[in-house]
Amino acid sequence: MPAVDKLLLEEALQDSPQTRSLLSVFEEDAGTLTVYTNQLLQAMQRVYGAQNEMCLATRQLSKQLLAYEKQNFALGKGDEEVISTLHYFAKVVDELNALHTELAKQLADAMVLPVIQFREKDLTEISTLKDLFGLASNDHDLAMARYSRLSKKKENEKAKAEVGKEVAAARRKQHLSSLQYYCALNALQYRKRMAMLEPMIGFAHGQISFFKKGAEVFSRSMDNFLSSGADMVQSIQVELEAEAEKMRMSQQELLSVDESVYTPDLDVAAPEINRNLIQKAGYLNLRNKTGLVSTSWERLYFFTQGGNLLCQPRGAVAGGLIQDLDNCSVMAVDCEDRRYCFQITAPNGKSGIILQAESRKENEEWICTINNISRQIYLTEDPEAVAIRLNQTALQAVTPITSLGKKQESSGPSQNPTNSELENDKTVPAAAAAAPEAEELIAPGTPIQFDIVLPATEFLDQNRGGRRTNPFGESEDDTFPEAEDSLLQQMFVVRFLGSMAVKTDGSVEVIYEAMRQVLAARAIHNIFRTTESHLMVTSQALRLIDPQTQVSRANFELTSVTQFTAHQENKRLFGFVTRVPESTGEDSLSTYIFESNLDGEKICYAINLGKEIIEAQKDPEALARLMLSVPLTHDGKYVLLDDHAEDSAGGPSGSRGAESEA
């Protein structure tokens, strides 16, 4: 090895500038060695930390390999061959973890510890001796300064002796500290070489021991196992490639479909609609009320199951019940200027839910499906066949019209519809009803009127008399002067569904048949839009009033109403039959079907009470008894109707009142 530079101990006492210059070189070398030793120690500690992390990682890996068998996979557990292979690998990893643990201990003892000892012992000693040497040099300089200031005129032998002793002590102390410091710096030149080599020798021995023991663990007996594992992976890879090719072909086939699959409402004019569905699923928008006047729409997945409608949010495990569809009613509605909306109403008439489909086809199929389910077709042995037969029967039974000015019920030319009303009239004759009883009630080919269009003369008769129409839709107190003389005045919110001529008014069965045909015609021909009106029931007439303009749309004398009743199942539906004389001397019979916001039987009770008042007005005593039996307003002017009023129905028309509660 090359010779090592030294500080000459003989020159320590003289402390010449040349010696101090050489000392500064040794000090600079010691400082550089200190910085490098710290960096080397950090690197070795990182290696040791990585080895410790490897121990922890291999221990965790072994645990995870054994945990594979205990995993509750949603698609079933792994096959036994994979489980046994992982168990063997876990055993191998455990053995490897023991080797890594032993290597980490060797690195700590043979690599990291020597460097730490060199830094804490040798380098710290150099730093301490440097400080002591500096203090001794300063003390010697101070003593020499005091010795140099002694006066030559007034020499004091005693002071001179004391200062001389002080200089000698300081010089002896400096000489001792310099000798120790020089010896430590000289020895450092040898120790630094040992400090650099010894840790790496320990590192190499540790790694060699690790690899030797590893070779013993992973001996040739493991070659067959690794070979079989590689074959297993290769076979799985072949299966994966075959499955990937199959999925690629399926993907190409699925992507080659027509553009209509992606376009929500491609064929708006004439979509192919399946009206025989008894179950359906798909995404719909659900209308939710978020405040008094504010609403929000949420896109959810809806599906039918038996007689129930369920919805399932995206990501949910199962669906929740939204609506029981048995005996419910469904109809298209206008809602917030959105297309393809429909409403499902419960049998008790409570407000149902409003849903929005993404296309006309989806909208109509959902309506038809819910209609089929509401009839409880799904409980039959062959629901699809029953649905086909019922829809074919309904198509043969009714072919409606979209608008009709009253069907030749006028007695003179003055009651014909206006020209503007006739422009929209499109009459389509209805087919003969399948059941013989229906033919006895309603003549085959009878058209259906879906909105009330008054003749021009009748409109003028109802709105003349010098009354000014308020352009803001407000009505004056004398809007309906006949109501001032009426003992009964009750207002109901209704929607006109349709009217048609009938052959008899002998029973309420004619109203039930008219309801069936009107609702079937609306469902089959997609006529779901209705207009809200106010039905005023007085003791003289029934008035259908426009809620915006307060203009009377239709007027029915109460004496001409011969039958009235609510639907047997959907109590919100009600209808009545009128008998009106014609110019030919015969009577014209027509039935009118409505849907109300409240129970239809309440409206029937009001009509029945009005007819009782008409009968009682012929006998003042009977009228007085009737007025005593019913509650009046505070001013005694009008009859009050409450929720329990229908329970006290009686009088000449009591039979009709009982029919209305069917």
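Which residues make a nonpolar surface patch of about 410 Å²? In this predicted model, the patch is formed by Leu255, Val257, Val261 and Tyr262. One of these residues, valine 261, sits in the loop that runs between α4 (223–255) and β1 (281–289). With a relative accessible area of 56%, valine 261 is classed as exposed, because the exposed class begins over 50%.

The same loop between α4 and β1 also holds arginine 275, whose partner glutamate 364 belongs to helix α5 (residues 360–374). The side chains of glutamate 364 and arginine 275 come together in a salt bridge, with an N to O distance of 3.7 Å. The pair therefore ties together parts of the chain that are 89 residues apart in sequence. Both glutamate 364 and arginine 275 are buried.

Salt bridges elsewhere in the model add to this picture. The total count is 23 salt bridges. In one of them, lysine 105 pairs with aspartate 109, and their closest N and O atoms lie 3.3 Å apart. Lysine 105 and aspartate 109 are both in helix α2, and because they are 4 residues apart there, about one helical turn separates them. Lysine 105 is exposed, at 56% relative accessibility, and aspartate 109 is partly exposed, with a relative accessible area of 44%. Another salt bridge links arginine 579 to aspartate 587, where the closest N and O atoms are 3.1 Å apart. Here arginine 579 is partly exposed at 31% relative accessibility, and aspartate 587 is likewise partly exposed at 39%. Beyond these pairs, Lys280, Lys361, Glu362 and Glu365 are joined into one network by salt bridges that share partners.

Helix α2, which spans residues 80–148, is also the place of isoleucine 83. The relative accessible area of isoleucine 83 is 8%, so this residue counts as buried; the buried class covers values under 20%. Leucine 65 lies 18 residues away from isoleucine 83 along the chain, and the C-alpha atoms of the two are separated by 8.6 Å.

Turning to the cysteines, the count of disulfides is 0. Why do cysteine 335 and cysteine 341 not form a bond? The closest cysteine sulfur to that of cysteine 335 belongs to cysteine 341, and the distance of 5.2 Å is too far for a bond. Seen from the other side, cysteine 335 likewise provides the closest cysteine sulfur to cysteine 341, at 5.2 Å. The reasoning rests on the cut-off, because a disulfide needs the two sulfur atoms to be within 2.5 Å. Both residues are hidden from the surface probe: cysteine 335 is buried with a relative accessible area of 7%, and cysteine 341 is buried with a value of 2%.

Finally, helix α11 (residues 600–616) offers a check on helical geometry. At 1.5 Å a residue, its 17 residues should span 24 Å. The C-alpha atoms at the two ends of α11 are indeed 24 Å apart, so the expected and computed values agree. Helix α11 is also mostly covered, with 15 of its 17 residues buried.

Note on methods: Residues numbered from 1 in each chain as written. Predicted model: local features only at pLDDT ≥ 70, side-chain atom pairs only at ≥ 80, totals over all residues. Heavy atoms only, no water. Buried < 20%, exposed > 50% of the residue type's maximum accessible area, 1.4 Å probe, protein only. Patch = residues over 30% accessible without salt bridge, like charges linked within 9 Å, V, L, I, M, F, W, Y side chains within 5 Å. Areas by Shrake-Rupley, 256 points an atom, 1.4 Å probe, with all protein chains shown as cover. Salt bridge = Lys/Arg side-chain N within 4 Å of Asp/Glu carboxyl O. Expected span 1.5 Å × (residues − 1).
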